[in-house]
Amino acid sequence: MDTTLRLTKRVVDATTPETKVHVIWDRQISGFGLKVHPTGRKVYFFKYRVGGGRSARRREPVIGVHGSITPDEARRIASDWAHEVAVGNDPAAIRDQQRAAPTMSDLFARYLTDHAEKYKKPSSVRNDRRIISNTLLPSIGTLKVGDISRDEIAKLHASMADKPYEANRTLALVSKIFNLSELWEYRPDGSNPCRHIRRYKEHRRQRLLSEQDLMRLGATLNQAENNGLPDENGNLKQMNPSAISALRLLIFTGARTSEVLGLKWSWINWNQRRAELPDSKTGSKFVYLPPAAIQVLTDLQSTIHDETFVIKGKYPGTHLVNLKDPWRVIRRNAELDDLRVHDLRHCFASIGAMRGMSLTMIGALLGHQDVATTQRYAHLSDDPIRSAGDEIGGHLAGLLGKAQKPA
């Protein structure tokens with residue numbers, strides 16, 4: 001038999017099960033009740049109607065089970081739902097909609113399949129997957145897309161303060177994903193929580209090679225090719241000839257590592273002395289081959305028989321993928337422990353700038369699409385200008401010095 005009481009903890013705890021389910025209705029909030037099952041399970045619920053007339057529907061959504069929720073907590077929820085019903089809403093439908101709302105994990109999955117894999121290069125997709133898997137999923141993956149606030153993104157960004165470059169790349173990726181979430185109607189327009197979060201200042205690391213550095217590197221490459229190099233234990237280690245050739249091509253062309261390692265013989269235009277890449281980080285491009293690079297390719301043709309890739313891999317029809325291990329041995333023996341493979345590209349550009357080449361020309365050789373990318377070498381182009389100024393000034397000073405002093 002149903003009873004009506006004020007649902008308090010004392011009342012709920014004192015209620016004993018009967019042979020059938022019985023209901024205790026709350027005296028204060030209409031529709032708020034407790035179902036007591038014969039098993040002893042006690043469930044809070046809220047009964048209300050949606051709509052009016054013949055189309056009205058009765059709803060009895062569960063608020064929670066006693067023990068996992070207190071009577072006071074159940075009462076507050078019932079009070080909120082009563083208010084929603086009073087203004088014409090359906091609180092149960094709203095709750096169901098919220099439960100079905102996509103999580104950030106769902107959004108990340110859709111971003112990868114519907115955007116990244118369709119429009120980005122494989123290397124960029126791999127990097128996105130790494131950031132999502134290592135950083136984003138553990139921190140915000142379980143949260144609802146619509147519930148993410150700027151404060152949560154700011155805290156995530158701040159937690160990576162010791163890695164400013166990685167923090168900024170992560171923020172940029174999340175911002176792009178939230179822009180797409182608006183397009184896919186997961187969030188309202190203009191609600192990107194990444195807006196107004198300041199990126200960390202990034203200090204570009206640019207290691208330039210001196211003439212002495214280059215001479216040591218050249219001698220080390222020759223030794224590696226002819227006799228091998230000692231490893232960390234002093235044992236002589238034979239070096240992979242493909243790796244040595246790849247490093248020489250990187251030095252002579254200023255190409256990216258991925259462009260050299262993935263270079264195919266069919267892309268080499270011997271007459272024009274250039275490699276015609278159908279795709280790269282910046283799209284299709286030419287990698288120009290000076291005589292030194294042509295010599296490397298000619299030597300490879302005569303010694304390494306692979307009809308597909310210039311830099312042969314371990315198995316036929318594959319290219320070398322690991323340049324880090326041989327480079328670690330080479331740079332240690334050349335006393336260049338702080339030199340990265342990518343610094344060889346910077347070296348190529350810096351030599352051009354110091355020899356008076358324009359930034360436009362350097363950018364064309366490197367395949368830069370944005371002039372700002374080449375601008376980092378602008379200060380190096382002062383050297384030939386300074387030398388020219390010194391020469392002119394010296395000549396003028398000499399002429400002035402020869403002039404007779406006025407009487």
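A residue is termed exposed when its relative accessible area is over 50%. By this criterion T142 is exposed, because its relative accessible area is 72%. The model considered here is predicted. T142 is found in the loop between α5 (122–140) and α6 (150–158). The C-alpha atoms of T142 and D106 lie 9.0 Å apart in space, although 36 residues separate T142 from D106 in sequence.

Two open sheets are described next, beginning with the one that contains β1. This open sheet comprises five strands in the order β1-β2-β3-β4-β7, and its pairing is mixed. The edges are occupied by β1 and β7 (62–65); each has a single partner strand, so one side of each is left without a neighbour in the sheet. From one strand to the next, the twist averages 25°.

Within this sheet, the parallel sense is found between strand β1 (residues 3–5) and β2, which pair over three bridges. The bridge partner of L5 in β2 is D26. A right-handed β-α-β unit is made by β1, helix α1 (residues 9–14) and β2. Strand β2 spans residues 22–26, and four of its five residues are buried, so β2 is largely enclosed by the rest of the structure.

Strand β2 also pairs with strand β3 (residues 32–36), here in the antiparallel sense and over four bridges. One of the positions in this pairing is H22, whose bridge partner in β3 is V36. The hairpin of β2 and β3 has five residues between the strands, and G31 in this hairpin takes a positive phi near 95°.

The next pairing in the strand order joins β3 to strand β4 (residues 42–46), in the antiparallel sense and over five bridges. Residue L34 has Y44 as its bridge partner in β4, while G33 stands opposite F45 in β4. A hairpin is formed by β3 and β4, with five residues between them. In the turn of this hairpin, G40 has a positive phi of about 100°.

The burial of β4 was examined on both of its faces. In a regular strand, side chains alternate between the two faces of the sheet. For β4, K42, Y44 and F46 lie on one side and V43 and F45 on the other, and all are buried, leaving both faces covered. Because five of the five residues of β4 are buried, this strand is largely enclosed by the rest of the structure. Strand β4 further runs antiparallel to β7, to which three bridges join it. Y44, which is the bridge partner of L34 in the pairing with β3, has G64 as its bridge partner in β7.

The other open sheet consists of three strands in the order β10-β11-β12, with antiparallel pairing. Its edges are β10 (268–269) and β12 (285–288), each of which has a single partner strand, so one side of each is left without a neighbour in the sheet. Strands β11 and β12 pair in the antiparallel sense over four bridges. In this pairing, R274 has Y288 as its bridge partner in β12. The two faces of β12 contrast: K285 and V287 form a covered face, whereas F286 and Y288 form an uncovered one.

Internal cavities were also examined. Rolling a probe the size of a water molecule over the atoms shows where empty space is left. The structure holds three cavities of 30 Å³ or more, and the largest cavity has a volume of about 70 Å³. The lining of the largest cavity is made up of L249, T253, A255, E259, V260, L263, A275, L277, V287, L289 and L297. At least two residues of this lining are supplied by each of α9 (241–253), α10 (257–261) and β11 (274–277). By class, the lining has nine nonpolar residues, one polar residue and one charged residue. Among the lining residues is V287, which also belongs to the covered face of β12.

Notes: Residues numbered from 1 in each chain as written. Predicted model: local features only at pLDDT ≥ 70, side-chain atom pairs only at ≥ 80, totals over all residues. Heavy atoms only, no water. 1 Å grid on protein atoms, 1.4 Å probe; cavity = no way out; pocket = protein on both sides within 12 Å on 5 of 7 lines; lining within 4 Å. Points joined across faces, edges and corners; volume = space filled by probe spheres on them. Nonpolar A, V, L, I, M, F, W, Y, C, P; charged D, E, K, R; others polar. Buried < 20%, exposed > 50% of the residue type's maximum accessible area, 1.4 Å probe, protein only. Pairing = 2+ DSSP bridges. Right-handed = clockwise from strand over helix to strand, strands pointing away. Axes fitted to C-alpha atoms, helices over the stretch in contact; angles between N-to-C directions.
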